[in-house]
Structure formats: structure tokens, C-alpha cells
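Subject: A structure for you to explore

Hello,

Here is the structure I promised to pass on to you. Please open it next to this email, and then read on for what was found in it.

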Amino acid sequence: MPLIRIVLAFCIVIGAAHAEAPYPSKPIVLVAAFAPGGVTDISARLVAKGLSEELGQPVVVENRAGAGGAIGATFVAKAAPDGYTLLLGTVSELTVLPVVKITPPYDTMKEFEPIARVGTVAFVLAAHPSVPANNVAELISLAKAEPGKLSFSSFGVGSQNQLLAELFMSKSGTKLLHVPYKGSASAVTDLIGGAVQLTFDTTTVVMPLVQGGKLKALAVLSSSRSDAAPGIPTLAESGVALETVGWTGVVGPRGMPPAIVARLNAAINKVLANPSIKAEFARRDITVGETTPGQFRDFMQADIDRWSQVVKASGIKIE
């Protein structure tokens, strides 16, 4: 009998020790909801590298592309809220998709736990060199002369850059053909090859190709000109009142323990403050900065409200 009690006591102690194992005690999966090669994937890999060192556990990037980011986001929303499955989310799947889809795939503010914003980046309207337009006014004239002939690539149906193109058409009175992809890399590859003629993508992706002569930049979508796109006017300067930026941030499934959210937030902010990683982001024209979970939550809600107003005013809805 005493032996049984000793064994039971030992099991209880071992169980308690296991239950109280500090987070994280195993590898973490960081989902990127788009294919490799774009800003989302780049940001995810930079964050994962830094978090692996900071948390002492492997942080593995897993690309789950498709449906404008909804496939990867839905996977994370349905995961256990234990901090081991996270999403490197973007405007596309977290704030645009839920307001532009007729049947939203999820409710962002009810199904995700904001942890930390990672960074922001400017967008560019870019064209294949064969397009006989060197500025936005010429592009609009060309598009009006041949409605539906010029095509544009996007990250997927319901993604931010599809909505940007839809808004551009609405504000400029033009008609373009939408060709959706599963991410920035494939969308830009076909643009370089001439399979499509236009895209709205980030300075991170577009400007190295512009500098290499493979694409031409017609306008930036930021409120002021971008240092990453010297000499390129804003879209507003070009006569189309449309301004936006892209952003990325880390979220998890709703219901994560506050202590884990706080641990991840502190670790991500430390990673973003690391001079070498900060320089890697800056080299790609991605601006990073520290946020609390509450600040990121407020930022996301404000962005949802803003895009909801844009969608309502434009009347744009996507199946």
C-alpha cells in the first residue's frame, strides 16, 4: 500500500511538472497564407528566424496559399489556442476579405487573437514594359479605349490588391480583366512574362524589378512619395484618389492564454528591435515598430472599419 501511494504521488508530481512546462516547450508553426516569394512569406521567415532564437524552439513557416489568404487564415482560426499555431496575417485576409466577400469566411475580430503588428509597406501600380503607357493618365486613356483588354494579376480573389484594382476601375471609369493567383510571386512572374499587363504590388516586390528593367512603375499608393520608388508620383497626384498601405502582423486563434499572448508579443517586439533583422526589413522597404496586443487589436479594428466604408461607398462585393 505505501508503495502504491508513493507511485501515485510520483505520477502527480510528474504530471504537474509537465502541465506547468514553460511556453514554448515544442516547435511553433507560423502560417503564411500566400505562396513563397512575396512580402508575407519574406516577413514570416524573418520573424520566424528571430523568434526561434528568442524563444529557444524552432518556429517553422508553413505556406497555406489560396482563396485570397482565407485557406491559411481559416486553418489557424480552427487550431488549438495554445500558441503553437500562429498566422503571419496581412490586410488581405484579415481586414479586406471579411468585408468584401458576400459570404465572409470568418469574423476576424471574433476568431483571431491579435498579438503584434510586424510592419507596413507601400503599394505600387506597375505595368509590363510593353504597355504603351508611361503614367496613370495614359493608362486610363488606353484602358478606356479598349475596355477589358488590359489584365491585372492579384494575390487571389478577395485579396487587397484585387480590391485596389476594383477601386481604381471604379474611380477612373475603366474596365480591366482580373487574373487571380495564389500569391505575389506567381502573379509577378506572369506579369514579367507578359501574360498579364498590370498589378498592384508592394515596393518590396516591384521596385527591384523596375530597377532591373523588367517592369515599370506608374504610381505609388502611399499618401506621399516613397523613398523606395524615387521619382514615382502618388496615385492621388496622378488624379485618382486612392491611398493605402500593406501591413503584416502575427495573430493566433481566439482564446489564447493572456500569458502566452504577452510572451509572444514581447518576443516579437524584441525581434523587430534587433538591428540586423530591422535592417533586413528596411532593405525591403518594410517599416517595423513595437505594438502591444491592444494597440494591434485597435489598429485591425480601425482598418476593418475603413475598408468597410470603402466597400460600402464603392458598392464592390465579391462572391
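Which residues line the largest pocket? Before the answer, please keep in mind that this is a predicted model.

The pocket

The lining of the largest pocket is made up of Leu167, Ser170, Lys171, Ala241, Leu242, Glu243, Arg306, Trp307, Gln309, Val310, Ala313 and Ser314. Two elements each give two or more residues to this lining: helix H7, which covers 160-172, and helix H12, which covers 293-314. The biggest share comes from H12, with 6 residues. Sorted by chemical character, the lining has 6 nonpolar, 3 polar and 3 charged residues. As for the space inside, the largest pocket holds about 160 Å³. If you wonder how such a space is found, rolling a probe the size of a water molecule over the atoms shows where empty space is left.

A buried glutamine

Next, have a look at Gln160, which belongs to helix H7. Is Gln160 buried or exposed? Gln160 counts as buried because its relative accessibility is 3%, and the cut-off for buried is under 20%. Its side chain has a polar partner: the side chains of Gln160 and Thr244 make a polar contact at 3.3 Å. Leaving aside residues up to four places away in sequence, Gln160 touches Val91, Ser92, Val96, Phe123, Thr244, Val245, Gly246 and Trp307. You have met one of these already, since Trp307 is also among the residues that line the largest pocket.

Helix H9

Now move to helix H9, residues 203-211. Which of its residues are buried? They are Thr203, Thr204, Val205, Val206, Met207 and Leu209. What covers these buried residues includes helices H2 (39-55) and H8 (184-193), together with strands E4 (112-127), E7 (198-202) and E8 (216-220). After H9 comes Gly213, which has a positive phi, near 80 degrees.

Salt bridges

How many salt bridges are there? The count comes to 10, and I have picked out a few for you to find.

Start with Arg297 and Glu113, whose side chains meet in a salt bridge at 3.0 Å, N to O. Arg297 lies in helix H12 and Glu113 in strand E4, so this pair ties together parts that are 184 residues apart in sequence. The two partners sit in different settings: Glu113 counts as buried, at 12% relative accessibility, whereas Arg297 is partly exposed, at 24%. There is also a network of salt bridges here, which links Glu113, Arg254 and Arg297.

Another one to find joins the side chains of Arg64 and Glu62, at 2.5 Å from N to O. Arg64 is partly exposed, with 29% relative accessibility, and Glu62 is partly exposed too, with a relative accessible area of 27%.

Finally, look for Lys149 and Glu146, which form a salt bridge with their closest N and O atoms 3.2 Å apart. Lys149 counts as exposed because its relative accessible area is 56%, while Glu146 is partly exposed at 34%.

A good way to begin is to colour helix H12 and follow it to two of the places above: it gives 6 residues to the lining of the largest pocket, and Arg297 lies in it.

Enjoy exploring, and write back with anything you would like to ask.

Best wishes

Technical notes. Residues are numbered from 1 along each chain as its sequence is written. This is a predicted model: local features need pLDDT of at least 70, side-chain atom pairs count only at pLDDT 80 or more; totals for chains, interfaces and linings use all residues. Side-chain values use heavy atoms; hydrogens and water are left out. On a 1 Å grid over the protein atoms alone, a cavity is a set of points where a 1.4 Å probe fits but cannot get out, and a pocket is an open set with protein on both sides within 12 Å along at least five of seven lines; lining residues have an atom within 4 Å of a point. Grid points are joined across faces, edges and corners, and a volume is the space filled by probe spheres set on the points. Helices (H or I, at least four residues) and strands (E, at least two) are DSSP runs, numbered from the N terminus. Ala, Val, Leu, Ile, Met, Phe, Trp, Tyr, Cys and Pro count as nonpolar, Asp, Glu, Lys and Arg as charged, and the others, Gly among them, as polar. Buried means under 20% relative accessible area, exposed over 50%, partly exposed in between (1.4 Å probe, protein chains only). Contact means heavy atoms within 4.5 Å. A polar contact is a pair of N or O atoms within 3.5 Å; within protein, one must be able to donate a hydrogen and the other to accept it, and residues adjacent in sequence count only if both atoms are side-chain atoms. A salt bridge is a side-chain nitrogen of Lys or Arg within 4 Å of a carboxyl oxygen of Asp or Glu.
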